[in-house]
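Colleague: I'm new to this one, so please pick the aromatic side chains and take a close look at them. Then carry on to whatever charged contacts and chain landmarks help me find my way around.

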Amino acid sequence: MRKCIGTGLRALCAASLITLLVIVLLGILSKKTSLVNYSWTSEGAELLLSWTVMLGAALAYLENAHLGVDILTDKLSPAAKKIAFGFTTLVVLTFAAGVMIWGGWNIFIQRWDAGQMMSSIPMLRAWFYLSLPISGSLISLFAIDNLLGLFRAESDNLDQAELQA
């Protein structure tokens with residue numbers, strides 16, 4: 001499951017970055033020359049950037065490529081490292097579920113109900129905020145999978161210890 005979601009998320013982030021680059025280049029071309037006039041490029045880039053960042057955050061968490069301070073955990077015993085990993089994973093899960101999913105969904109609904117439209121794109125501003133609960137859901141899913149993996153590893157270690165005894 002992780003591999004499949006990771007592959008899809010990686011492809012989506014790559015396509016999003018390429019599209020973002022094209023939109024920004026069109027915006028520059030539109031502002032610096034009189035050849036084309038694309039008024040939507042600024043808002044389009046902002047919208048796509050918000051989605052790219054949120055989906056990229058989920059991908060970074062999945063691949064354990066996010067920023068982390070491991071100077072403390074490097075000095076811990078293997079058992080203490082597992083505890084620290086479990087604790088930080090619970091903190092990530094709490095933040096993703098509480099702030100990103102719950103808070104992000106509430107912001108999305110508030111903006112949806114307000115009906116505020118973008119000025120140059122016929123789209124509700126609410127779509128900016130939907131990236132929060134979607135990314136939070138992915139991060140929560142990955143955190144739960146990390147916790148389950150931690151418990152599976154501990155039960156596997158217990159099974160091995162029982163076999164050797």
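Modeller: Let's begin with what counts as an aromatic pair: two rings of Phe, Tyr or Trp (its six-membered ring) with centres within 6.5 Å, called stacked if the planes are under 30 degrees apart, edge-to-face if over 60, and tilted for the rest. What you have on screen is a predicted model, where local features need pLDDT of at least 70 and side-chain atom pairs count only at pLDDT 80 or more, while totals for chains, interfaces and linings use all residues. Residues are numbered from 1 along each chain as its sequence is written, and side-chain values use heavy atoms, with hydrogens and water left out.

So, the rings. Searching the whole structure turns up five aromatic pairs. One of them joins tryptophan 112 to tryptophan 127, and this pair is edge-to-face, with 5.5 Å from centre to centre and 90 degrees between the planes. Where do these two tryptophans sit along the chain? Tryptophan 112 belongs to helix α3 and tryptophan 127 to helix α4, residues 126-129, so the contact ties together parts that are 15 residues apart in sequence. (Helices here are DSSP runs of H or I with at least four residues, numbered from the N terminus.)

Are the two rings buried or exposed? Neither word fits, because tryptophan 112 comes out as partly exposed at 38% relative accessibility, and tryptophan 127 is partly exposed too, with a relative accessible area of 31%. (Buried means under 20% relative accessible area and exposed over 50%, with partly exposed in between, using a 1.4 Å probe and protein chains only.) The pair also has company: ring pairs link Trp112 and Trp127 with Trp105 and Phe108 into a cluster.

Two loop residues make handy landmarks around α4. Methionine 123 is found in the loop between α3 and α4, and is partly exposed with a relative accessible area of 29%. If you look from there to valine 92, the two are 31 residues apart in sequence and 32 Å apart in space, C-alpha to C-alpha. On the other side, leucine 130 sits in the loop between α4 and α5. At 14% relative accessibility, leucine 130 counts as buried. Its C-alpha is separated by 13 Å from that of leucine 49, although their positions lie 81 residues apart along the chain.

Now for the charges. The model has four salt bridges, each being a side-chain nitrogen of Lys or Arg within 4 Å of a carboxyl oxygen of Asp or Glu. In one of these, aspartate 145 meets arginine 2, and their closest N and O atoms are 2.8 Å apart. That contact links distant parts of the chain, since aspartate 145 is in helix α5 (residues 131-164) and arginine 2 is in helix α1 (residues 2-32), 143 residues apart. Their surroundings aren't alike: aspartate 145 is buried, with a relative accessible area of 18%, whereas arginine 2 is partly exposed at 26% relative accessibility.

Aspartate 145 has another partner as well. Its side chain meets that of arginine 152 in a salt bridge, at 3.9 Å from N to O. Arginine 152 is partly exposed, with a relative accessible area of 44%. Put the two contacts side by side and you get a network of salt bridges linking Arg2, Asp145 and Arg152.

Back in α1, there's a further salt bridge to find: the side chains of arginine 10 and glutamate 63 come together at 2.4 Å, N to O. What does this one tie together? Arginine 10 is in helix α1, while glutamate 63 is in the loop between α2 (41-62) and α3 (78-114), so parts that are 53 residues apart in sequence are held by the pair. Both partners are partly exposed, arginine 10 with a relative accessible area of 41% and glutamate 63 with 38%.

While you're in that loop, have a look at asparagine 64. This residue follows α2 and has a positive phi, near 55 degrees.

If you'd like a route for your own tour, start at the edge-to-face pair of tryptophan 112 and tryptophan 127, step along to leucine 130 in the loop between α4 and α5, and finish at the network of Arg2, Asp145 and Arg152.
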